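Me: Please take me through this structure with care, one question at a time.

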Amino acid sequence: MEEKENSGEQADQSSASRKKCLIDLAKYVIEPNILKLIPKTVALKFTVLPLYLNGQVLFIAMDDPKNITAIDEVRKVTKIHAIIPLYSSKEDILSAIDRHYGLQQKVQDIVVEIQKERLEKTGEEDEASAPDLVAMAEQAPVIKLVNHVIMRAIQEKCSDIHFEPDEKVLRVRCRQDGIMQENYVFQKQLESAILARIKITAGMDIAEKRKPQDGRIKFRLESKQIDIRVSSLPTLYGENIVMRLLDKTSVMKDLGSLGMEAVVLEKFNKLIHYPYGIILVTGPTGSGKSTTLYAGIGAINDVEMNIVTVEDPIEYNLDLIRQTQVNPKVGLTFASGLRAILRQDPDVIMVGEIRDPETAEIASQAALTGHLVLSTLHTNDACGAVTRLADMGIQPFLIASSVIGVLAQRLVRRICENCKEPVTVPPALLKELEIEDVDTVFYAGKGCDRCKQMKYAGRTTIHEIMVMTEEMRELIVKRASQADLFALAKKQGMKALRESGLSKARLGLTTLEEVLKVTGKN
């Protein structure tokens with residue numbers, strides 16, 4: 001009796017262990033060249049799915065990782081000796097086989113359809129007329145293919161999709177966590193149909209291929225509403241199309257979720273509650289400046305406040321806030337929009353970006369006349385914002401009087417928690433980062449199936465915040481150098497971007513290499 005009970009307990013433990021090791025196939029983007037390693041008939045017969053290659057090792061999903069016969073068959077068809085099986089349920093594997101191999105079949109269907117339309121003759125593509133392009137773009141396989149690419153990019157939390165025509169192929173690369181990755185390589189003859197489909201959906205002129213165009217797509221995936229900005233650019237081998245994915249649910253965050261250190265959060269929160277002055281958020285494109293601005297005005301949004309914005313584009317619709325979209329075609333620029341907003345009795349104004357002297361001048365005057373102005377600038381650090389405004393022609397006394405604080409930020413990749421491990425840091429790197437405590441423990445990712453061997457998963461922010469003081473204003477009026485401003489800010493307690501990054505690295509959130517990468521070599 002006891003033996004049966006022990007046997008039952010062991011079976012339960014085995015079952016629990018298998019559930020614990022279960023991999024989520026929905027998170028995998030399997031490249032076409034990997035799928036070609038195992039024919040669909042073999043995949044269905046043995047319930048296996050190729051996932052990825054790591055050097056000369058092939059990782060596959062199986063519902064029974066102990067099935068030696070299946071593994072031997074995989075070795076035979078792939079000619080790869082090192083096979084590592086990962087456990088997944090039979091239902092999930094069959095669903096993934098249908099999804100991934102089905103896509104490959106659709107690609108072949110598209111080729112057949114294009115060939116029927118005789119768009120390719122003797123290996124050279126003829127120029128298709130606009131009606132032909134529309135007909136191709138409306139084919140069900142083309143629609144499914146484009147939708148699939150977009151859906152997978154959204155699921156993988158990519159920020160951009162690049163459709164890049166080469167001489168012989170159409171390459172599709174996606175930017176995930178700030179890094180470009182190749183996701184698909186399609187035959188050249190699919191190019192016209194795929195790009196036409198995108199342009200039609202984005203409301204662009206499919207007949208115009210000689211000049212750049214912009215368009216927009218609204219895409220819904222389950223409960224998510226995704227705005228997609230589409231840009232085309234004529235290149236040597238065809239139109240290059242880039243899609244920027246704007247997930248509104250990821251844009252609108254509260255200040256506490258932005259990854260700010262406690263001191264930075266306290267100072268920034270104090271700044272946005274000032275009655276007047278300019279607050280600037282600086283950093284390169286794609287550093288999360290807009291998200292920080294939205295979080296800032298979201299924190300002070302109240303029925304007693306009149307908050308008005310001028311943006312390009314409007315990335316998130318906010319209750320109680322009047323938002324204006326820049327439209328240069330009708331003369332609505334940041335400067336003209338800001339000038340009009342001042343006649344709307346605002347308390348708080350958000351300007352998407354200060355790009356020119358006119359906008360900077362109007363923003364400064366608005367701050368001096370009792371308005372709180374939030375905006376962004378493209379500078380490398382907080383002190384650089386002062387220099388940038390001076391370069392635009394703004395008088396030093398006006399900068400000193402209007403600017404109350406500058407927040408500089410960067411995005412750094414987070415170490416994958418599933419494969420994070422302590423690492424030995426090269427002495428040269430410690431010296432470059434001026435780290436004297438050689439006993440400090442730092443971490444890095446090893447690479448696993450959850451992060452697709454990327455070693456990172458997701459991103460967090462690093463910041464430096466410069467709050468204007470009387471000493472700082474005196475230096476600005478005297479036209480002090482950026483180095484002098486930085487030295488004073490440090491003396492007054494500002495933690496530099498690199499220091500913020502090192503703090504995150506010591507906590508095991510990111511790597512030293514990542515900190516060095518985003519904060520420069522100086």
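**Cysteines, salt bridges and a charged patch**

Reply: The sulfur of Cys451 has its closest cysteine sulfur in Cys448, 3.7 Å away, which is too far for a bond, since a disulfide is a pair of cysteine sulfur atoms within 2.5 Å. This is a predicted model, in which local features need pLDDT of at least 70 and side-chain atom pairs count only at pLDDT 80 or more, while totals for chains, interfaces and linings use all residues. Residues are numbered from 1 along each chain as its sequence is written, and side-chain values use heavy atoms, with hydrogens and water left out.

Me: How many disulfides does the structure hold?
Reply: Cys448 has its closest cysteine sulfur in Cys451, and the 3.7 Å between the two sulfurs is too far for a bond. For the structure, the count of disulfides is 0.

Me: Is Cys451 buried or exposed?
Reply: The term buried means under 20% relative accessible area, exposed means over 50%, and partly exposed lies in between, with a 1.4 Å probe and protein chains only. Cys448, at 9% relative accessibility, counts as buried. With a relative accessibility of 4%, Cys451 also counts as buried.

Me: Which residues are linked with Arg171 in a network of salt bridges?
Reply: A salt bridge is a side-chain nitrogen of Lys or Arg within 4 Å of a carboxyl oxygen of Asp or Glu, and by this rule the count comes to 17. Arg171 forms one with Asp166, where the closest N and O atoms are 2.8 Å apart, and another with Glu182 at 2.7 Å, N to O. The latter pair links distant parts of the chain, with Arg171 in strand β7 and Glu182 in strand β8, 11 residues apart, where strands are DSSP runs of E with at least two residues and helices are runs of H or I with at least four, numbered from the N terminus. The network of salt bridges thus links Arg171 with Asp166 and Glu182.

Me: Which residue forms a salt bridge with Arg413?
Reply: The closest N and O atoms of this pair are 3.3 Å apart, and both Arg413 and its partner Glu514 are buried. Arg413 lies in strand β17 (residues 403-415) and the partner in helix α20 (residues 512-519), so the pair ties together parts that are 101 residues apart in sequence. The partner of Arg413 is Glu514.

Me: Where is Asp437 found?
Reply: Asp437 counts as partly exposed because its relative accessibility is 45%. Asp437 is found in the loop between α16 (427-432) and β19 (442-445).
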